[in-house]
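Here are a few exercises to work through with the model open beside you. Try each task before you read its solution.

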Amino acid sequence: MRYQISGKQIDIGAALQTHVQTELDDMLSKYAGRPTEATVVFSKSGHEYVCETVIHLSTGLTAQARAHEPEIYAAFDGSNEKMDKQLRRYKRRLKDHHRERSQPVELSAADSYILAATDESHEADKTDDAPIIVAEMETKIPAISVGEAVMQMELADTHVVVFRNEKHNGINVVYRRDDGNIGWIDPRTTG
């Protein structure tokens, strides 16, 4: 498994890196069949340390957790506990999806853009309707089932997941509705 342990404007020592790798290995050995990559980022927010952990699994799922504590080791331990709880909750489902797959999930490359928020006062002055692009990056779209997409959304604690439906290879979207239910957009053309 590949580890990327870094700090945003803080120094991460070798002892902390060793602690993170050891604890993640212990936790992941209980749940995820084949984790491929773990990214742990430490930062400082006021008087607290923040630890954000993202783990990519060979099943195509991504689990993430975040914690903040006054001490850096406690911040990681809190994030690790949250990750442990998420993976424990989905252990059966992770095993079921993993068993069905003989190969890791196929990922398609896609461009992702961040657009500037519109300012009402300058809206009348604009003659061009094109949005202002603030950032441009590459993202990956997994080829997974609808059930896996819903599980991905819950594990990553996001509101939307775009995926390629492995049944018909079309682009689909699952999202969390305001009423608490999950919505699914499947724009297949019929006939």
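**Exercise 1. Find how many salt bridges the whole structure holds, and work out where Arg 2 and its partner sit.**

Step 1: set the criterion. A salt bridge here is a side-chain nitrogen of Lys or Arg within 4 Å of a carboxyl oxygen of Asp or Glu.

Step 2: run the search over the whole structure, and you get 4 salt bridges.

Step 3: take Arg 2. Its partner is Glu 37, with 3.8 Å between the closest N and O atoms. Arg 2 belongs to strand S1 (residues 2–7) and Glu 37 to strand S2 (residues 35–45), so this pair, 35 residues apart, links distant parts of the chain. Strands are DSSP runs of E with at least two residues, helices are runs of H or I with at least four, and both are numbered from the N terminus.

Step 4: check the accessibility of Arg 2. Buried means under 20% relative accessible area, exposed over 50%, and partly exposed in between (1.4 Å probe, protein chains only). Arg 2 is exposed because its relative accessible area is 53%.

A word on the ground rules: this is a predicted model, where local features need pLDDT of at least 70 and side-chain atom pairs count only at pLDDT 80 or more, while totals for chains, interfaces and linings use all residues. Residues are numbered from 1 along each chain as its sequence is written, and side-chain values use heavy atoms, leaving out hydrogens and water.

**Exercise 2. Compare the burial of the residues in the Arg 88–Asp 84 and Lys 140–Glu 138 salt bridges.**

Step 1: start with Arg 88 and Asp 84, whose side chains meet at 3.3 Å, N to O. They lie 4 residues apart in helix H2 (residues 72–89), so about one helical turn separates them.

Step 2: read the accessibilities. Asp 84 counts as buried because it is at 14%, while Arg 88, at 47%, counts as partly exposed.

Step 3: move to Lys 140 and Glu 138, where the closest N and O atoms are 3.2 Å apart. Lys 140 is partly exposed at 48%, and Glu 138 is exposed at 54%.

**Exercise 3. Lay out the sheet that contains S5 to S9 and identify its edge strands.**

Step 1: write down the order. This open sheet of 5 strands runs S5-S6-S7-S8-S9, with mixed pairing; two strands pair if DSSP finds at least two bridges between them.

Step 2: look for strands that pair on one side only. Those edge strands are S5 (107–115) and S9 (182–185).

Step 3: add the twist, which averages 30 degrees from one strand to the next. Axes are lines fitted to C-alpha atoms, for helices over the stretch in contact, and angles run from 0 to 180 degrees between N-to-C directions.

Step 4: zoom in on S9. Strand S8 (residues 171–176) pairs with S9 in the antiparallel sense over 4 bridges, and Tyr 175 has Gly 183 in S9 as its bridge partner.

**Exercise 4. Place Ile 133 in the fold and give its relative accessible area.**

Step 1: find its element. Ile 133 is in strand S6 (residues 133–144).

Step 2: classify it. With a relative accessible area of 48%, Ile 133 is partly exposed.

**Exercise 5. Sum up the protein chain: which elements does it have, and how much of it is buried?**

Step 1: count the elements, and you get 5 helices and 9 strands.

Step 2: read them along the sequence, which gives β-α-β-β-β-α-α-β-α-β-α-β-β-β.

Step 3: take the buried share, which is 35% of the 191 residues.
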